[in-house]
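Reader: I would like a close look at the charged side chains that pair with each other, taken slowly and with the surroundings of each partner spelled out. Could you start from one pair and then work outwards to other local features of the backbone?

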Amino acid sequence: MGSYKGFLSVTIENEQIRMVIVPSLGAKLVSLVYKPSGKEWLIDSGERPLRQPEYGSSFGEWDMSGWDECFPTINTCPWEMDKSMNLPDHGEIWSLPWTYRIEENEVICSVESQLLSYQFTRSISFYSGNKVRMNYRVVNKSDQPMPFLWVPHPQLAVTEPTRILLPESMSEMLCVYEGHRLKNGETYAWDDISFIYPKVTGDGRKFYYEGQVPVRWSGLYGQDSENFLIVSVPKEKVPYLGVWIDEGMFNDRVTCALEPSIGYYDSLDMAVSNGTAQTIPAHDSFEWYVDIDLGAGDWHDVIDKL
């Protein structure tokens, strides 16, 4: 237990990795450090104050830091089971205080919806020395099926020339947020757009792999330091992938978010209409996980084992 910028925080660490969680801020991960190199992978709030968000407000009005969870939508949209209800921007749970408990070497955080009838739980533990496992479980407490979309939104720090790593089979990505230079709906060769720099340009862009991913991992690799981060998921449960790059369009520093996704893409109503939303039957649950591998040097050794 500790304090992070005035908020109660929980730290989980081993010899390789240290993570800090603030339960009251949507169980936000505010720090993810690879200890052998000292690499901090998450952007902090910088000069922006860290405050308790107002439920239903716009995500960009707040601290724009760390790792947040987007559920049951990203973009605001009507709730599928009652069109008179609107789901908030980036979903509900990033702005809500979560409960937490610590069991041996695991931190378990949960939150109940203010709008719907579900419980969202995320537990964090060390799968191995350099691998963190985040287990997710959503319980539908209602008498009707519950469609949803989920992505993590980790604002990963780009402090050096950085390559966004994707499997060779994912050679093209679809632009869905064009920023200043690209075009929505256009497909781009990944080799041409996968390198990012820490220079703030005021631009931003987002991509999705069209269709279900053939391989379950994505990552970042620092060209100078050789620090890497690899994110992997069970692709049968988390079959889509988005990549968000912000060069100062919304944040004050350059950041990249790797966003393995349940649903395609960004608004629940779109995912329902195109048949990619996941649905939990009444009084049932759905589970998935995210693994994070950290290291420095040859990242191929990690993906060879996935």
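**A buried pair and its surroundings**

Author: K28 has a relative accessible area of 3%, which means that it counts as buried, since the cut-off for that word is under 20%. This value, like the others here, is computed from a predicted model. The acidic residue to consider with K28 is D63, and D63 is also buried, its relative accessibility being 4%. The side chains of K28 and D63 meet in a salt bridge, with a distance of 3.0 Å from N to O. This pair links distant parts of the chain, because K28 belongs to strand β4 (residues 28-34) whereas D63 sits in the loop between β5 (39-40) and β6 (67-70), 35 residues apart. In general, side chains of opposite charge can pair when their charged atoms come close. The salt bridges of the model come to 17, and K28 with D63 is one of them.

Another of these pairs has a partner in another setting: K83 and E80 form a salt bridge at 3.1 Å, N to O, and here K83 is exposed, with a relative accessible area of 52%. A further salt bridge is made by D252 and R253, whose closest N and O atoms are 2.9 Å apart. D252 is partly exposed at 36% relative accessible area, and R253 is likewise partly exposed at 28% relative accessibility. D252 and R253 belong to one network that also takes in D44 and R48, joined through salt bridges that share partners.

Turning from side chains to the backbone, the peptide bond between F71 and P72 is cis, with omega at about 0°, and P72 is placed in the loop between β6 and β7 (77-79). A cis peptide bond also leads from Y264 to Y265, where omega is near -5°. Y265 is found in the loop between β24 (255-261) and α2 (268-273), and D266 lies in the loop between β24 and α2 as well.

D266 has a positive phi of about 70° although it is not a glycine, and its relative accessibility of 11% makes it buried. H90, also not a glycine, has a positive phi of about 60°; it is placed in the loop between β8 (82-87) and β9 (99-103) and is buried, with a relative accessible area of 14%.

How values were computed. Residues are numbered from 1 along each chain as its sequence is written. This is a predicted model: local features need pLDDT of at least 70, side-chain atom pairs count only at pLDDT 80 or more; totals for chains, interfaces and linings use all residues. Side-chain values use heavy atoms; hydrogens and water are left out. A salt bridge is a side-chain nitrogen of Lys or Arg within 4 Å of a carboxyl oxygen of Asp or Glu. Helices (H or I, at least four residues) and strands (E, at least two) are DSSP runs, numbered from the N terminus. Buried means under 20% relative accessible area, exposed over 50%, partly exposed in between (1.4 Å probe, protein chains only).
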